[in-house]
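Please study the structure shown below and work through the exercises that accompany it. Each task is followed by a solution in steps.

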Amino acid sequence: MKYVDEFRDPELTAQLLHELTTATTRPFRAMEVCGTHTMAIFRSGLRGLLPPEIELISGPGCPVCVTSASHIDAFLQMAELPGTHLAVFGDLFRVPGSNGTTLAHVRAQGAKIDIVYSAMDGLELARQNPTEQVIFPGIGFETTTPGIGASILAARQQNIDNFMVFSTHKTMIPPLMALLGDPALGIDGLLCPGHVSSIIGAAAYQPLAEQYHLSCVVGVFEPTDILHALILMARQINEGRAEVENGYTRAVTWEGNARARAMVSTIFEPVDMEWRGLGTIEGSGLAIKEEYAQFDALSRLSITVPESKEPPGCLCGQILKGITTPPACPLFGSRCTPSSPIGPCMVSSEGTCRAYFTYGNYSEKNLGQNMI
Amino acid sequence: MKDNLSPKTILLDHGSGGLASQELISTLFLRHLGNKVLSALEDSAVIDNQPGRIAFTTDSYVVDPIFFPGGDIGTLAVHGTINDLAMRGARPLVLSLALILEEGLLLTDLERIIISIRDASNDSNVAIVTGDTKVVPRGKADKIFINTSGIGMVAEGVEISSSRALVGDKIILSGSMGDHGITIMTRRAGITLTGDLRSDSMALHTMVQRMLAGLPAGSIHTLRDPTRGGVATSLCEIAGSSGLMIEIEERRIPVRAEVRAACEILGLDPLYLANEGKCLALVAPDVADQALTLMQACPEGAEASIVGTVTSVGSGRVTLKTTIGGTRVITPLHGAPLPRIC
C-alpha cells in the first residue's frame, strides 16, 4: 500500500536499525510524547529490536488518557439530561468516570450516544435531529481542535443551533514544560508528536530544547520514521547538542499550520485545564470564547464539573508522567484489563497500559513474565 | 387472501399464526424455499438416517446493516451455520430457519433476504427443512433477526477440534482477512471509501470435504472460521485449548489493499476483524503443501497461505513476527473494535 509499505520496508528498517546502533554510543532515555508512538513501537515489534542502550518512556500524549475523571463525569451528566444526544469519539465510550460508570453503561440505560469519526458527523446528527441537543465532547490536542473548531464555524454558518461542543481541548507544550520541570523524569530526548507538530510547527519545541537541554526530534509513527527520529536524537546526544530537529519533513514545517492556528484562536481561548494524573496546568486548555457561547455546552447546559476522584490504587497519573511503567501498578493486568479498565491508560487504544497489555505478553496468568 | 400482503410492510398480524401468517408462509417462504420436507409444514422435520456421527450447531444473526456489499443477513445466516458444521469436518445436511421480524419491516426487504437465503442454500446444496416466524412490535427488534441451526454428518475417522492441534502443525489461512468486518464497520459508520470493499460471506464445506478426501486420514487437526474477534482471537482460542505456542508471520497473512487502507484510516487491526468465508486449518507439517494446493484449487481458498506454525507446547501464547522482523504477542479481542480519535 502506497505511503505505508515504504515506511515499513524490512530492508530499510534493518539498515536504519544498524545506523541507530552505530549512532548510539551511550545509554539515553527518551520520552515518546504521543500515544500513537507508544502503540506503533509495540505493534511493529520495534521495541524488541532497538539497541538496549535506548530506554523509551511513554509521555502524556494520549488524549483519552489525560481526560480527567471530572470531565468524564460531566460527559455522563450531559448524556443523562433529557433531550440530549451525545456524539463521541469511540475511545471515550468505555472510559470510566469517578464511580466506574462509562458512557457505554449510560447508553445501555437509554441515553442517546452515537460513536462518530469527526465533529462534523455530530453536526450532521444535529441537523437530522432538530428536536435534540447534540453535544460533542471535545477532547484532544492541537491535531483535533481545528476540526472541531471547523464544526462550530459550520454550525454558525448553517444556523444549526442544537449543536454544542464541550471543550476539554488541551495544548501540548504546557504539560511538557510542567513534566520536564520535575528532575525525577531525567530524560535526554523528546520524540515530539508528528501530527500535533504539523499544526504547532517544530519551532514550538525550541523553548523546551533550550530550557531543559533536551534533544527534541519530531517523528511519526511508522517504524522507519521512528528509527530516523531516534538516529537524529542519538547523534545529538553523542555530540552534546540539544536542538529541535524535524524528522517528519513531509508534513511538518518549522512554522506549522498558521491558518489552522488562526481558526482555533478565533473560536477558543487559553484556559487552565485539569489533566488526568497531572492536575490542573495553567493555560493548558482551550475554552470556547464568549462570542461562540451558543455552541458551548458548558455555558448552555446546567452541568457541573465535579471534583476529580481518581480510582484508588490506579497509577495512571504516574504512568502519564513517565515516572512509572504499567507493570508497576498493582491493578495492572489483574483488576485493570482492557475488558474492565479502571484507569484511562488501559481504556484507550493509544494508552500506555493498553499497549503494554496488548502487545507485551501480560495477562492475568503470566503477569510478571518478561516482555518480548 | 392476497389483501393481507397488500400493505408493503410486516404487520403484527403476520406473526399471529392466523391467516396473515399462512399467507406469508405460502406466498413468500414456501415460494422461494419450498422443498418436500419444508412444504409439508409439519411441526418438525424428519430426516433419513445417515452414516456417521451427528454434528449440530446453532447461530443467531443480528447484523446491522442488513444489506451490505458481498451479501446480506440472509447469506450470513446460511453460510455461517454451514461453516460452523464444516469446521468440525461435518458434511452439512439440513438447516432450520427462524425469523424474528420487527413490525414495519418492508416486505420487499424481507423478500430480498429470503431470495438470498434460497440462493445460498441452493448453491451450498443444504436444504432448509424447518422454520419459524415471529413478529415483534416496532422497536422491540431491529428489522430482522435470524437464527439458523444446522445438522451435519461427521464421517468415520474424522476428528477435527480446537484441542487437537499438535506441535509442528502448519497454520493455513484460506484467504484474505478482515473483508467482512471492515465492510460492515465502514457501512455502519456511513464512511464511503473508494475501492471494492466486500464481505467475504461464503460457504466453506465443499472445500473442507475436498481437503478431507484429498489428505491422509487424521492429518487435519483443527479447523476454525475466524468470525467475530478475527484471526487473532481464533488463534488465541486454539492455542489456549490445545496448550500450545503459535507463531504467525505478518508478511504471509493475506490482507487486501482496500482493507488495509480502511484499517489505517479507522485505526483498526485486520487481525481482529470478522471474516465470514475464511477458515484457519492446522494440519500436520508433512501434508501442509498438499493441503495448501487443495485449498488453492477451490475458489473459496484461491488465496490460501501458510501463515504460521505451532512451535511448542506451552501456555497458549500466540506471537506475531512483524513485517520489519520484530515480535509481538497477540491477545484475544477485548470488547468490540471501536474507531479511534487519532
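The exercises below concern a predicted model.

**Exercise 1. The nonpolar core**

Task: Determine how many residues the largest nonpolar core has, and which helix contributes the largest share.

Solution. Step 1: The largest nonpolar core has 206 residues. Step 2: Nine residues, the largest share of this core, come from helix α10 (residues 223-239) of chain A. Step 3: Val88(A) is among the residues with the most contacts inside the core. Its contacts include Phe93(A), Leu103(A) and Pro137(A), when residues up to four places away in sequence are not counted.

**Exercise 2. A helix and its surroundings**

Task: Decide whether helix α5 (residues 179-188) of chain B is largely enclosed or not, and state what its buried residues pack against.

Solution. Step 1: In α5(B), eight of the 10 residues are buried; the helix is therefore largely enclosed by the rest of the structure. Step 2: Among these buried residues are Asp179(B), His180(B) and Met185(B). Step 3: The buried residues pack against β2 (67-68), α7 (230-242) and α8 (257-266) of chain B. Step 4: Just after α5(B), Gly190(B) has a positive phi of about 70°.

**Exercise 3. Two packed helices**

Task: Describe how helix α1 (residues 19-33) and helix α4 (residues 107-124) of chain B pack.

Solution. Step 1: The angle is about 20°, and the axes are 9 Å apart. Step 2: Angles under 35 degrees count as roughly parallel, and α1(B) and α4(B) are therefore roughly parallel to each other. Step 3: The contact includes Leu28(B) and Phe29(B) of α1(B), and Ile114(B) and Arg118(B) of α4(B). Step 4: The residues of this contact comprise seven nonpolar, one polar and two charged.

Key
Residues are numbered from 1 along each chain as its sequence is written. Chains are lettered from A and ligands numbered from 1 in the order in which they are written. This is a predicted model: local features need pLDDT of at least 70, side-chain atom pairs count only at pLDDT 80 or more; totals for chains, interfaces and linings use all residues. A nonpolar core is a set of buried Ala, Val, Leu, Ile, Met, Phe, Trp, Tyr and Cys residues joined through C-beta atoms within 7 Å. A residue is buried if 20 or more other C-beta atoms lie within 10 Å of its own, exposed if 12 or fewer, and partly exposed in between; C-beta atoms are placed from the backbone. Helices (H or I, at least four residues) and strands (E, at least two) are DSSP runs, numbered from the N terminus. Two residues are in contact if their C-beta atoms, placed from the backbone, lie within 7 Å. Axes are lines fitted to C-alpha atoms, for helices over the stretch in contact, and angles run from 0 to 180 degrees between N-to-C directions. Angles under 35 degrees count as roughly parallel, over 145 as roughly antiparallel, 65 to 115 as roughly perpendicular and the rest as oblique. Ala, Val, Leu, Ile, Met, Phe, Trp, Tyr, Cys and Pro count as nonpolar, Asp, Glu, Lys and Arg as charged, and the others, Gly among them, as polar.
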